[in-house]
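Here is a short round of questions and answers on one protein chain. Each answer puts a value beside its cut-off and draws the conclusion.

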Amino acid sequence: MKTVSVPYQLRNKESFQHTRKINKPFGALDRVIDWCKSECTGDWRWELVDVSSDTSPGQYIFYFDSDRDCAAFSLQWC
């Protein structure tokens with residue numbers, strides 16, 4: 001019997017232990033997401049709060065299971 005692993009599971013934001021809100025200019029979010037993919041050890045997600053534009057940064061909320069990941073994220077991006 002062959003099993004299939006699911007790389008991504010839907011979770012609601014209340015299920016995460018830690019959150020951080022950041023503001024980033026247009027085009028800067030990719031760096032943050034790439035950093036999370038390579039540095040975070042636990043489960044994490046992000047949410048768009050406000051779209052970035054030429055004149056204002058976007059607002060994003062990042063959710064983490066791990067306090068270590070949340071602390072490292074805060075030091076790097078907040």
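Q: Where in the chain is Val51 placed?
A: Val51 lies in the loop between strand 2 (44-50) and strand 3 (58-64). Keep in mind that this is a predicted model.

Q: Why is Val51 called exposed?
A: Exposed means over 50% relative accessible area. Val51 has 56%, so the word fits.

Q: What makes Trp46, Leu48 and Val51 a patch?
A: Nonpolar side chains are joined into a patch within 5 Å, if each residue has over 30% relative accessible area and no salt bridge. Trp46, Leu48 and Val51 form such a nonpolar patch on the surface. Together they offer about 290 Å² of accessible area.

Q: In what order do the 3 strands of the open sheet stand?
A: The order is 1-3-2, and the pairing is antiparallel.

Q: Why do strand 1 (18-24) and strand 2 count as edges?
A: Each has a single partner strand, so one side of each is left without a neighbour in the sheet. Neighbouring strands of this sheet are turned by 25 degrees against each other on average, direction ignored.

Q: How do you know that strand 2 and strand 3 pair?
A: Pairing needs at least two bridges. Strand 2 and strand 3 are joined by 6 bridges and run antiparallel. That satisfies the cut-off, so they count as a pair. Within strand 3, Ile61 stands opposite Glu47.

Q: Which strands does helix 2 (residues 67-77) touch?
A: Helix 2 packs on the sheet and touches strand 1 and strand 3. Its direction makes about 20 degrees with that of strand 1.

Q: How many salt bridges does the structure hold?
A: There are 2.

Q: What makes the meeting of Arg45 and Asp43 a salt bridge?
A: The nitrogen must lie within 4 Å of the carboxyl oxygen. For Arg45 and Asp43 the N to O distance is 2.6 Å, so the pair qualifies.

Q: Is Arg45 buried or exposed, and why?
A: Buried means under 20%. Arg45 has a relative accessible area of 10%, so it is buried.

Q: Why is Asp43 not given that label, but called partly exposed?
A: Partly exposed covers the values between under 20% and over 50%. Asp43 has 29% relative accessibility, so it belongs in between.

Q: How do you know that Asp69 and Arg68 form a salt bridge?
A: Their closest N and O atoms are 2.8 Å apart. The limit is 4 Å, so the bridge counts.

Q: What are the labels of Asp69 and Arg68, and why?
A: Asp69 has a relative accessible area of 0%, so it is buried. Arg68 has 43%, so it is partly exposed.

Q: Where is Trp35 found, and why is it called buried?
A: Trp35 is in helix 1 (residues 29-39). Its relative accessible area is 16%, and the cut-off is under 20%, so it is buried.

Q: Which residues does Trp35 touch, leaving out those up to four places away in sequence?
A: They are Cys40, Ala72, Phe73, Gln76 and Trp77. Trp35 and Phe73 are 38 residues apart in sequence, and their C-alpha atoms are 8.7 Å apart in space.

Q: How do the elements of the chain run from the N terminus on?
A: They run β-α-β-β-α. The chain has 2 helices and 3 strands.

Note on methods. Residues are numbered from 1 along each chain as its sequence is written. This is a predicted model: local features need pLDDT of at least 70, side-chain atom pairs count only at pLDDT 80 or more; totals for chains, interfaces and linings use all residues. Side-chain values use heavy atoms; hydrogens and water are left out. Patches are made of residues with over 30% relative accessible area and no salt bridge: like charges are joined within 9 Å, nonpolar side chains (Val, Leu, Ile, Met, Phe, Trp, Tyr) within 5 Å. Accessible areas come from the Shrake-Rupley method with a 1.4 Å probe; for residues, only the protein chains shown count as cover. A salt bridge is a side-chain nitrogen of Lys or Arg within 4 Å of a carboxyl oxygen of Asp or Glu. Helices (H or I, at least four residues) and strands (E, at least two) are DSSP runs, numbered from the N terminus. Buried means under 20% relative accessible area, exposed over 50%, partly exposed in between (1.4 Å probe, protein chains only). Axes are lines fitted to C-alpha atoms, for helices over the stretch in contact, and angles run from 0 to 180 degrees between N-to-C directions. Contact means heavy atoms within 4.5 Å.
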